[in-house]
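These are my notebook entries from a session of looking things up in one structure. I wrote each of them while going from place to place, and I kept them in the order in which I worked.

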Amino acid sequence: MNTSMIQENKGNKIYGYMTSPIGILKITASDTAVTAVERISAEERPAGMEDKTVENRFIRQCREELQEYFAGRQRSFDVPLAPSGTPFQQRVWNALCQIPYGQTRTYGEIAQMAGNPKASRAVGMANHRNPILILIPCHRIIGADGSLTGYAAGLETKKYLLQLEKENRHG
């Protein structure tokens with residue numbers, strides 16, 4: 001993903017839903033970009049919203065790109081993103097978007113890419129607050145020793161996403 005795709009968060013919020021291999025995803029968008037992708041429980045999805053979406057091109061594009069990602073055919077995302085966060089969080093999220101599909105980086109490497117080499121713990125917090133799962137690939141961050149560390153959607157989901165990318169990274 002091109003980091004220029006991350007832009008200022010503007011406009012009214014609308015929501016769409018999709019069923020994915022990792023559960024139900026709620027996609028939030030404004031008039032200009034996707035602002036959040038989060039995993040929710042079945043109880044959190046409004047009745048009658050099975051894989052339906054309002055007619056917003058950003059939600060539709062996001063859903064289509066995620067479907068292709070889970071099918072192993074999408075390795076980067078083109079839908080515009082506008083996550084809300086502090087300037088440091090924005091730098092971290094931009095750094096995450098530079099990690100190639102099927103690869104990982106450590107918290108320390110991301111801290112360096114975000115301009116603060118000693119901020120590994122702060123990178124962890126920014127990673128945890130990432131509002132756009134998968135498209136801002138916080139699942140690609142591992143511990144300095146190569147271990148899988150926390151992930152907002154759970155370690156099993158992180159393992160699944162990393163395995164999906166490993167299996168499909170060569171086309």
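Entry 1, the aromatic rings. I began with Phe 70 and looked up its relative accessible area, which is 11% in this predicted model, and because buried means under 20%, I noted Phe 70 as buried. I then turned to Tyr 69, which has 0% relative accessibility and therefore also counts as buried. Next I searched the whole structure for aromatic pairs and found 3 of them. In one of these pairs, the rings of Tyr 69 and Phe 70 have their centres 5.4 Å apart and their planes at 75°; since planes over 60 degrees apart count as edge-to-face, I entered this pair under that heading. The rings of Tyr 69 and Phe 77 have their centres 5.7 Å apart, and with their planes at 45° the pair is tilted. I checked the burial here too, and both Tyr 69 and Phe 77 are buried. Putting the ring pairs together, I saw that they link Tyr 69, Phe 70, Phe 77 and Tyr 101 into a cluster.

Entry 2, charges over rings. Which charged end sits over the ring of Tyr 101? I found that it belongs to Arg 75, and that it lies 5.5 Å from the centre of that ring. I also noted a lysine in such a position, for Lys 26 lies over the face of Tyr 15, at 4.3 Å from the ring centre.

Entry 3, the sheet. I looked up an open sheet of 3 strands and wrote down its order as β1-β2-β3, with antiparallel pairing. Why is one side of β1 and of β3 left without a neighbour in the sheet? The reason I noted is that β1 (14–20) and β3 (34–40) stand at the edges, so each has a single partner strand. Neighbouring strands of this sheet are turned by 20° against each other on average, with direction ignored.

I then followed the pairing of β1 with β2 (residues 23–29), where 7 bridges join the two strands and the run is antiparallel. Between β1 and β2 there is a hairpin, which joins them through 2 residues. As for single positions, I found that Ser 20 has Gly 23 in β2 as its bridge partner, while Ile 14 stands opposite Ala 29 in β2.

Entry 4, one residue of the sheet. I picked Thr 28, which is found in strand β2, and asked myself whether it is buried or exposed. Thr 28 has a relative accessible area of 5%, so I recorded it as buried. Leaving out residues up to four places away in sequence, I listed what Thr 28 touches: Lys 13, Ile 14, Tyr 15, Val 34, Thr 35 and Ala 36.

Entry 5, an annotated position. I looked in the UniProt record, an unreviewed entry, and its annotation "active site" covers Cys 138. In the model I found Cys 138 in the loop between α4 (120–128) and β5 (141–142). The relative accessible area of Cys 138 is 2%, and therefore I noted this residue as buried. Not counting residues up to four places away in sequence, Cys 138 touches Leu 96, Asn 127, Asn 130, Leu 133, Tyr 151 and Lys 158.

Conventions. Residues are numbered from 1 along each chain as its sequence is written. This is a predicted model: local features need pLDDT of at least 70, side-chain atom pairs count only at pLDDT 80 or more; totals for chains, interfaces and linings use all residues. Side-chain values use heavy atoms; hydrogens and water are left out. Two strands pair if DSSP finds at least two bridges between them. Helices (H or I, at least four residues) and strands (E, at least two) are DSSP runs, numbered from the N terminus. Axes are lines fitted to C-alpha atoms, for helices over the stretch in contact, and angles run from 0 to 180 degrees between N-to-C directions. UniProt positions are given in the numbering used here, feature names are shortened, and annotations may be inferred rather than shown by experiment. Buried means under 20% relative accessible area, exposed over 50%, partly exposed in between (1.4 Å probe, protein chains only). Contact means heavy atoms within 4.5 Å. Rings of Phe, Tyr and Trp (its six-membered ring) pair if their centres lie within 6.5 Å; planes under 30 degrees apart count as stacked, over 60 as edge-to-face and the rest as tilted. A charge sits over a ring if NZ of Lys or CZ of Arg is within 6 Å of the ring centre and within 35 degrees of the ring normal.
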